[in-house]
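Let's take a friendly walk through a protein model, one step at a time. Have the structure open beside you as you read.

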Protein chains: 2
Amino acid sequence: MTQIAPETTEVGLPITEVDTPALYVDLDALEHNIATMARVCADHGVAWRPHVKASKSPDLARRLIAGGATGITCAKVSEAEVMADGGVDDILIANEVVGPRKVGRLVDLARRARICVAVDDERNLREISAAVSAAGATVDVLLDINVGANRCGVTPEVAPALAQLALDLPGVAFRGLMGYEGHVMGVTDPEEKEAKSAAAADVFAQARRQVETAGIEVRVMSGGGTGNYWIASRLGSLNELQAGGGVLLDQTYEGPMTGPGPRQALFLVAQVISTAVPGRAVADAGWKASGQHTGRPLAVDPPGIRVRNLNAEHTLFDLDEGVRLELGQRVTMVPHYSDSTVLLHRRMYAVRNGIVEEVWPVAGAGMLQ
Amino acid sequence: MTQIAPETTEVGLPITEVDTPALYVDLDALEHNIATMARVCADHGVAWRPHVKASKSPDLARRLIAGGATGITCAKVSEAEVMADGGVDDILIANEVVGPRKVGRLVDLARRARICVAVDDERNLREISAAVSAAGATVDVLLDINVGANRCGVTPEVAPALAQLALDLPGVAFRGLMGYEGHVMGVTDPEEKEAKSAAAADVFAQARRQVETAGIEVRVMSGGGTGNYWIASRLGSLNELQAGGGVLLDQTYEGPMTGPGPRQALFLVAQVISTAVPGRAVADAGWKASGQHTGRPLAVDPPGIRVRNLNAEHTLFDLDEGVRLELGQRVTMVPHYSDSTVLLHRRMYAVRNGIVEEVWPVAGAGMLQ
């Protein structure tokens, strides 16, 4: 491989001198956002277990834990493997893990980290119990409750029997309930967001009552996302918040996150590669470097340019009257959605005051299976 | 890493037993498509230099060359590096390569493969010439002509002076002209596609005339994509076709490719992970496993299910009356667009009659800089 090894050569460089397209995290903004989210959770007496699905970086995960997180949340086994490889030892997989291959990997994970997994099916619970107990290991279990997103999760009525089964089976330790208010996250109207969060909280509370009425202790009530965590944390039904994407912010989270005052922390630097077509400039970050199914990146520097369109490998800019971009000039943009952008990159630069402090592998990128 | 090493364990398995989500290429269909595209080019007496931007796999690139391609086309330096690492030795980078870092890597590439690069700017041509000649190397150069996509490329009037400069400068060998009919690829109406292809061919021909009138020999006329190559190859202005994405086919290419009869070759296998919500089934391939900015994947097996929506890690299916999916059941889909899907994966399975024959690293995935 002739590719430059940035881990050893690029620390200390201005981010504008790094090869493009370059994805970077502004450390001052990241630290502000981590402190803000941790404080909101602490103020309401709830634990913070931020999701790392967007960042996929063990380096960033360790900063979350240093900043007050009690552990992390992952979307799938492969993310959890990458995090365990990076030294994270308390991981919730907030999703169903099904089938002999995936459950086999869950067993391996349980041997080297504290692992909790979501369950919404009796057969799946038995499958996990059999594999984990045969290996002499234990995984914690949260019952996944459908709190309105209608994706995964059981109704509150089903919860007591499933909780009892989790108590009775070997290899699995029933810990409590979780749910994901996916239908609330993108809501921008404050009243509607409040109302939908409250309705989800009611379902959470109802499920808890049903399980406790059956004489089963519920220790963990886990949920909430970046789009509603400051509401969910004060509604009283949850004692653990999974919101994590907000530490990077982006255009997608910015609208719904009117409350806690996060700062943009994720930026993409591109380089102008063509100015041959009059009135147009083209840079080298297309939708293969910046997910666009939710929208386009926003150009923030230099002023006077707007992203007109993305092709696979090209950013097409419209230029304000009198503005000209030069060949090789750097352009900085805010990605529209961190979740669909970070996974396209193999590394993120950790930058303070414009200088690269660290290079973080996006270790989970491409780890799909 | 506890992840299963599929290169050693999964060859010989049915693709339905591989861990999910699993992206696979049907080798019979791939070979049919390679033969079809190679034959169309051969029938018209034009060279075939297929683009590998979608597949990013040196294993697939070597099959293209074995199937009649004279070399390959890449979108950027990092793709070319991955292909050179994989033993491909004749590479066109059909895009502008700008700035000291990228040009430095171009020089490294020129030391180990025959490299041709697109140029649309005098300063850029001088920059490449200086770096390449200082290293005692040579790169071939094609002038990038704007044939209607209005992205990169010069007008025919500018071509003779730039061609002459490329002839005069050391380290660069002027070879001819290229262009990309990006505005033609998605056109589905046959008459409109023919007309726009013809207009682009006129610009190509005009640029060639202008350069030849200046006494400069034009050896290579390179262009065309999967969405128009069977037209472009008979219009007479090109002698090299860059169309390559069609070997994988997908829903995006299927519509516009009414001519040559390609077969679906790229499939995504997911596993059902939740059936808890009545009337719904959820599998484990979301938009992090299947790009969706152009559209959603199409479920092809089992029958009676439709992709309702993708979340980041979830496929949500609607089920026809009486259809039921079981936990752990495999679902096969055709991705909407290979270009936005393959790069999300680190490997593709090469499958024949349902059995894994080879595992191909998607070596270029995440190689953005």
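The paragraphs below look at the meeting of two chains, then at two cysteines, and then at one histidine.

Before we start, keep in mind that this is a predicted model. Begin with the place where chain B and chain A meet. Here, 79 residues of chain B are in contact with 79 residues of chain A. The size of an interface is often given as the accessible area lost when the parts come together. For chain B and chain A, the area buried between them is about 6400 Å², and 51% of it is on carbon and sulfur atoms.

What holds charged side chains face to face here? Between chain B and chain A, the count of salt bridges is 12. You can find one of them by looking for A:Arg123 and B:Glu326, whose side chains meet in a salt bridge at 3.5 Å, from N to O. Polar contacts can be counted too: 34 residue pairs across the interface of chain B and chain A are in polar contact, with both residues at pLDDT 80 or more. Now turn to the side of chain B that touches chain A. Among the elements that give two or more residues to it are the helices α4 (77-85), α5 (100-110) and α6 (122-134) and the strands β4 (90-96) and β10 (266-274) of chain B. Sorted by kind, the residues on this side of chain B are 29 nonpolar, 22 polar and 28 charged.

Next, the cysteines. A disulfide is a covalent bond between the sulfur atoms of two cysteines. How many disulfides does a search of the whole structure find? The search finds zero over all chains. Take B:Cys74 as an example: its nearest cysteine sulfur belongs to B:Cys116 and is 12 Å away. B:Cys116 is in no disulfide with B:Cys74 because that distance of 12 Å between their sulfurs is too far for a bond. Both residues are tucked out of reach by the numbers: B:Cys74 is buried, with a relative accessible area of 0%, and B:Cys116 counts as buried at 9%.

Finally, visit A:His314, in the loop between β13 (305-310) and β14 (315-319) of chain A. Is A:His314 buried or exposed? A:His314 counts as buried, because its relative accessibility is 4%. Leaving aside residues up to four places away in sequence, A:His314 touches residues of chain A, including A:Ile273, A:Val282 and A:Asn309, and also B:Asn95, B:Arg151 and B:Cys152. With B:Asn95 there is a polar contact, side chain to side chain, at 3.1 Å.

Note on methods
Residues numbered from 1 in each chain as written. Chains lettered and ligands numbered in written order. Predicted model: local features only at pLDDT ≥ 70, side-chain atom pairs only at ≥ 80, totals over all residues. Heavy atoms only, no water. Contact = heavy atoms within 4.5 Å. Buried area = accessible area lost by both parts, 1.4 Å probe. Salt bridge = Lys/Arg side-chain N within 4 Å of Asp/Glu carboxyl O. Polar contact = N/O pair within 3.5 Å; in protein donor to acceptor, adjacent residues only side chain to side chain. Helix = DSSP H or I, 4+ residues; strand = E, 2+ residues; numbered from the N terminus. Nonpolar A, V, L, I, M, F, W, Y, C, P; charged D, E, K, R; others polar. Disulfide = S-S within 2.5 Å. Buried < 20%, exposed > 50% of the residue type's maximum accessible area, 1.4 Å probe, protein only.
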